[in-house]
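Open the model in your viewer and keep the selection tool ready. The tour goes from one selection to the next.

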Amino acid sequence: MKTHLSSRSAFQRFSVSAFACLTLSLTACQGVNDVLAGVNNTLGAVNSALGGSSSSSSDSSAVYVDSKTQASVVSAANKAAANGDVRKMFNEAKPAIEKMVATTACTDNASQLKRFADPDGTGYLPYPIQHMMYHKSGCTNVLRINNVKRITSNAFYFTVYYISPQSEETKTYLYRAIKQPEGEWLFQY
């Protein structure tokens, strides 16, 4: 009988110790969770600020651009042949061009492109996925950017060739880049 009581007492002590350890572990996990939630919120705010998007607007929701598409956009922009005065304009507009072209290559929602549209244009920028019957999912890639020609001292046009990595369908768009009075580059189709 005495051994039964001592093993029961040992079990209770073990249970209390295990419960205390579990409680401390869970408290520590809650602290880690709070820290990670704070980091996540901070990174989300930084991402929104750098991406120029606001979490309250569905039109400016972020579009995921995969690394292969981003690399194809940067490569095409770096290889784009532009001469004379248009070269200077193209280089000035290149960050905006790369962002617009990468978003266009990956979006399936025209409203996500409104932020790139010149207000004096149609307000519409097409995206290649809507015109590719056999492209099933994900981003398209950019084959090349060329045909860069000056229109005026604050505008030029260029052609972008998009390709589906799945079906190899292609779509070509001619864009006009227009420098706004505030210095921002926006686009017309």
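What follows is a walk through a predicted model, stop by stop.

**Stop 1: the middle strand of the walk**

Select residues 155-163. This is strand β2. Is β2 mostly covered or uncovered? Mostly covered: 7 of its 9 residues are buried.

Now add residues 141-152, strand β1. β1 and β2 run antiparallel, joined by 8 bridges. For one pairing to display, pick Arg 144 in β1 and Tyr 161 in β2, which are bridge partners. Then trace the chain from β1 into β2. The link is a hairpin of 2 residues.

**Stop 2: the other partner of β2**

Add residues 170-179, strand β3. How many bridges pair β2 with β3? There are 9, again in the antiparallel sense. Ile 163 marks one of them, with Thr 170 in β3 as its bridge partner.

β2 and β3 also form a hairpin, this time with 6 residues between them. Stop at Glu 168 in that turn and check its backbone: phi is positive, about 65 degrees.

While side chains are on display, keep one rule in mind. In a regular strand they alternate between the two faces of the sheet.

**Stop 3: Ser 72**

Select residues 67-79 to show helix α2, then pick out Ser 72 within it. Why does Ser 72 count as buried? Because its relative accessible area is 14%, and the cut-off for buried is under 20%.

Draw a distance from the Ser 72 side chain to the backbone nitrogen of Val 142. It reads 3.0 Å. Beyond its sequence neighbours up to four places away, Ser 72 touches Asn 141 and Val 142. Both residues fall in the β1 range, 141-152.

**Stop 4: Val 101**

Move to helix α3, residues 85-106, and select Val 101. Is Val 101 buried or exposed? It counts as buried, because its relative accessibility is 0%.

Show what surrounds Val 101. Leaving aside neighbours within four places in sequence, the contacts are Val 73, Val 142, Val 160 and Tyr 162. Val 142 is familiar from the Ser 72 stop. Next, take the C-alpha atoms of Val 101 and Val 74. They lie 9.6 Å apart, with the two residues 27 places apart along the chain.

**Stop 5: the cavity**

Finish inside. The structure holds 1 cavity of 30 Å³ or more, and the volume of the largest is about 30 Å³. Select its lining: Ala 117, Asp 118, Gly 121, Thr 122, Gly 123, Tyr 124, Phe 187, Gln 188 and Tyr 189. Colour by type and you get 4 nonpolar, 4 polar and 1 charged.

Conventions: Residues are numbered from 1 along each chain as its sequence is written. This is a predicted model: local features need pLDDT of at least 70, side-chain atom pairs count only at pLDDT 80 or more; totals for chains, interfaces and linings use all residues. Side-chain values use heavy atoms; hydrogens and water are left out. Buried means under 20% relative accessible area, exposed over 50%, partly exposed in between (1.4 Å probe, protein chains only). Helices (H or I, at least four residues) and strands (E, at least two) are DSSP runs, numbered from the N terminus. Two strands pair if DSSP finds at least two bridges between them. A polar contact is a pair of N or O atoms within 3.5 Å; within protein, one must be able to donate a hydrogen and the other to accept it, and residues adjacent in sequence count only if both atoms are side-chain atoms. Contact means heavy atoms within 4.5 Å. On a 1 Å grid over the protein atoms alone, a cavity is a set of points where a 1.4 Å probe fits but cannot get out, and a pocket is an open set with protein on both sides within 12 Å along at least five of seven lines; lining residues have an atom within 4 Å of a point. Grid points are joined across faces, edges and corners, and a volume is the space filled by probe spheres set on the points. Ala, Val, Leu, Ile, Met, Phe, Trp, Tyr, Cys and Pro count as nonpolar, Asp, Glu, Lys and Arg as charged, and the others, Gly among them, as polar.
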